[in-house]
Amino acid sequence: MIKDFDLIFCKITISRNTVNIKKQLLIGFLVLISLIGLFIYNISYAKVCILIFLVFTSILCLIESEIFLEAKDIKIFDIEIGSIDFFKTYISQKIFRDNYVSNIIIVFGFSIFLGIKDMHSLIWFLCIMLAYLIYMPIKHIIGTDCSNMVIILVIIDMMVIASLILGTVKNFKIMNLILLNNFDIYKIAGFILILTCILKVLFTFTNNKKIILKINKIQGKNYYKLISWMKKIDIYLYKDYLINFQHICINIITILVTFLIMNDLMAFKDIYITIIIFIIPSGIFMTKTKGKYNLINDDEFFNNANISNEDLKYIKMKKLQTVLTEVLIKLTISSIVLVIYNDFSIITIVEILTLVIIISIVNYIIILRNTIVSLCYLSVIKYTVVILAVLRHLLNINFFIYCSYLVIVFILSCILVKSILEEEKTNHEKKKCNIK
Amino acid sequence: MLKFNFFEFSYDSVKLFEDISLEIQENKIGLIGNNGVGKTTLLNIIWGNIKIAEGLIEISDKSYYSIYDFKRYDKFSISDFIKLIKSLNSFDSSKVEYYIELLQLDQYLDFQIKNLSKGTQKKLGIFLTFLSTKKMLLIDEPFESIDEETNEKIITELNKINKKYIIVSHDIRSLQLVSEKIYQIKDRKLVAYD
């Protein structure tokens with residue numbers, strides 16, 4: 001290894017990482033304040049959150065990402081995997097390619113706070129941080145060289161998270177995990193199952209993030225077969241689901257997790273209100289990357305100047321069809337929840353169906369009209385529907401007013417959809433060059 | 001086919017093109033130049049993917065830019081792609097079988113794109129380019145990574161098709177076979193290649 005390589009490597013990594021200082025300072029101080037607040041409120045709870053966060057982020061060392069370097073990248077410098085130089089290089093790039101300004105504020109700020117408040121906790125925190133730094137490259141080496149060990153590694157991580165929750169169960173109020181009866185054990189099992197599902201999704205269904213591990217690559221090869229039946233229904237529907245499968249799965253899991261947590265937290269008497277607030281407005285296809293919706297942006301072959309305006313209209317129609325399939329997904333989730341809570345009725349389902357259709361059309365418009373102004377007024381429309389639906393149940397507002405508003409929103413949405421379908425693509429060729 | 005009027009373009013403060021005023025009347029042209037001089041950038045400008053701040057380019061027709069990167073579609077098969085483009089007017093689906101045979105893609109129809117070799121993926125890109133209904137084709141490096149036998153077929157087909165095109169390549173021999181005239185990007189200018 002060349003002399004001063006570490007120093008040069010760190011300098012280059014820092015200089016090439018574009019940092020939004022204001023944003024990172026804001027995030028750093030917000031997280032620090034939250035962490036201090038949490039620590040003052042409950043020490044055990046704060047420690048659980050820190051440990052869960054570190055276990056989760058260390059799992060990301062098993063995933064090939066566009067941000068961090070991997071063993072094969074570090075090998076370019078002729079650094080042997082597992083050597084001290086590898087450890088130094090891997091750790092320094094992990095630190096400086098990340099939001100290091102925020103992280104430094106959090107780590108140093110929290111250390112100073114702990115030094116003043118509780119010396120034992122400071123030693124605990126520093127030991128944990130050191131162990132975390134050493135654990136990251138170890139995990140990456142296992143992921144790269146010993147792929148058959150990975151499942152064991154993930155199971156150990158899950159057991160760590162489970163034991164952390166169980167160990168501090170009396171303080172873990174958000175999940176309401178007080179072991180008073182058997183039902184709570186089911187809740188813990190459900191929570192662990194959801195965590196495992198998120199990991200499974202992260203490992204298996206990836207587009208631009210690939211798994212380093214061969215074992216997961218083998219599993220990942222088969223998932224497209226799960227949805228191959230869609231080809232028979234519509235090849236464009238299949239295309240959209242295949243390209244966005246990872247996001248769709250993660251969004252569904254997020255909706256379920258949010259619903260379960262918020263249902264515990266808010267404890268509405270009527271489960272229907274929780275459904276209206278947390279399931280109905282969610283967007284299964286509304287994942288964004290760098291400010292652009294993946295449903296459109298990831299479908300780059302069918303969304304560029306090679307495609308004629310007529311075909312673009314057809315493709316937009318197909319996207320509408322894809323977005324409307326979320327009606328079926330949300331309706332299924334809502335129906336299952338209503339059946340579990342013994343609140344299922346045809347009238348409720350019809351109302352949910354109406355709301356979900358309207359919201360899905362609005363979601364589609366948001367995806368296509370991705371400007372701040374559009375986003376603002378469409379969000380207002382979307383959430384007024386939700387608020388009105390909640391108010392109707394809480395305050396029994398007039399059914400005619402409620403229905404009239406829904407009809408107006410539906411008609412307005414249809415008009416907007418029509419105009420979106422009929423608008424010609426911005427002819428950038430015409431803007432910049434003359435076409436005779 | 002193309003007319004440049006005081007055209008200039010810079011990338012990250014590096015000037016790639018400077019004060020170009022030129023009229024290209026030939027319909028089938030080749031474009032050469034050293035690495036990094038801006039060949040692909042020029043194609044992207046003509047396609048409309050990159051904005052220009054200085055000058056004007058007059059283009060006779062809308063164009064199709066050859067795409068070889070199918071990363072987002074790597075779980076699709078060539079058959080899936082054919083099914084998709086058959087519903088679009090931007091591609092001439094009546095010629096699917098002909099080009100499948102020409103480019104020897106028939107044995108790979110049900111392979112996932114990620115399992116295809118780099119050359120076969122490129123053939124898929126050329127296959128889609130040939131099927132385009134646009135009057136002008138912008139083809140970047142069509143001869144690279146492709147076997148010699150298929151390259152000969154591509155050259156024959158390019159000579160046969162009734163379309164305008166700009167081909168970027170380092171393979172001057174092949175370019176001479178398919179171009180009415182070859183242009184070179186040199187010293188930030190677009191000049192005829194002797």
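Guide: Helices here are DSSP runs of H or I with at least four residues, strands are runs of E with at least two, and both are numbered from the N terminus. By that count chain A has 21 helices and three strands, while chain B has six helices and nine strands. The structure is a predicted model, in which local features need pLDDT of at least 70, side-chain atom pairs count only at pLDDT 80 or more, and totals for chains, interfaces and linings use all residues. Residues are numbered from 1 along each chain as its sequence is written, and chains are lettered from A and ligands numbered from 1 in the order in which they are written.

Visitor: Why are α2(A) and α3(A) called oblique to each other?

Guide: Helix α2 (residues 21–41) of chain A and helix α3 (residues 43–59) of chain A pack at an angle of about 140°, with their axes 5 Å apart. Axes are lines fitted to C-alpha atoms, for helices over the stretch in contact, and angles run from 0 to 180 degrees between N-to-C directions. Angles under 35 degrees count as roughly parallel, over 145 as roughly antiparallel, 65 to 115 as roughly perpendicular and the rest as oblique. The angle of about 140° falls into that last class, and α2(A) and α3(A) are therefore oblique.

Visitor: Which residues meet in α2(A) and α3(A), and into what classes do the residues of this contact divide?

Guide: From α2(A), the residues A:Leu35, A:Leu38, A:Phe39 and A:Tyr41 meet A:Ile43, A:Tyr45, A:Ala46 and A:Cys49 of α3(A), where contact means C-beta atoms, placed from the backbone, within 7 Å. The division is eight nonpolar, no polar and no charged, with Ala, Val, Leu, Ile, Met, Phe, Trp, Tyr, Cys and Pro taken as nonpolar, Asp, Glu, Lys and Arg as charged, and the others, Gly among them, as polar.

Visitor: Why does A:Tyr364 count as buried or exposed?

Guide: A residue is buried if 20 or more other C-beta atoms (placed from the backbone) lie within 10 Å of its own, exposed if 12 or fewer, and partly exposed in between. A:Tyr364, in helix α18 (residues 346–368) of chain A, has 26 C-beta neighbours inside 10 Å and therefore counts as buried. Leaving aside residues up to four places away in sequence, A:Tyr364 touches A:Leu320, A:Val323 and A:Val417.

Visitor: What makes A:Val385 buried?

Guide: A:Val385, which lies in helix α19 (residues 372–395) of chain A, has 23 other C-beta atoms within 10 Å and so meets the requirement for a buried residue. With residues up to four places away in sequence not counted, A:Val385 touches A:Leu355, A:Ile358, A:Ile359, A:Leu406 and A:Val409. Over the whole chain, buried residues make up 23% of the 436 residues in chain A, whereas 40% of the 194 residues of chain B count as buried.

Visitor: Why is chain B described as being as compact as a globular protein of that length?

Guide: The globule rule is 2.2 Å times the number of residues to the power 0.38, and the radius of gyration is taken over C-alpha atoms. For the 194 residues of chain B the rule gives 16 Å, and the radius of gyration is 17 Å, close to that value, so the description applies. Along the principal axes, the C-alpha atoms of chain B fill a box of roughly 50 × 30 × 30 Å.

Visitor: What makes β5 and β9 of chain B edge strands?

Guide: Two strands pair if DSSP finds at least two bridges between them. Six strands of chain B form an open sheet of mixed pairing, in the order β5-β6-β7-β3-β8-β9, and β5 (63–65) and β9 (189–192) are its edges in that each pairs on one side only. Strand β3 (residues 28–32) and strand β8 (residues 181–186) of chain B pair in the parallel sense over four bridges, with B:Ile29 bridged to B:Lys181 and B:Leu31 standing opposite B:Tyr183. β8(B) and β9(B) also have four bridges, in the antiparallel sense, and B:Gln184 has B:Val191 as its bridge partner. In their hairpin, which has two residues between the strands, B:Asp187 takes a positive phi near 50°.

Visitor: How many residues of chain B are in contact with chain A, and which element of chain B gives the most?

Guide: Chain B brings 27 residues into contact with 24 residues of chain A. β4(B) gives the most to that side of chain B, with four residues, and by class the side has twelve nonpolar, seven polar and eight charged residues.

How values were computed:
Two residues are in contact if their C-beta atoms, placed from the backbone, lie within 7 Å.
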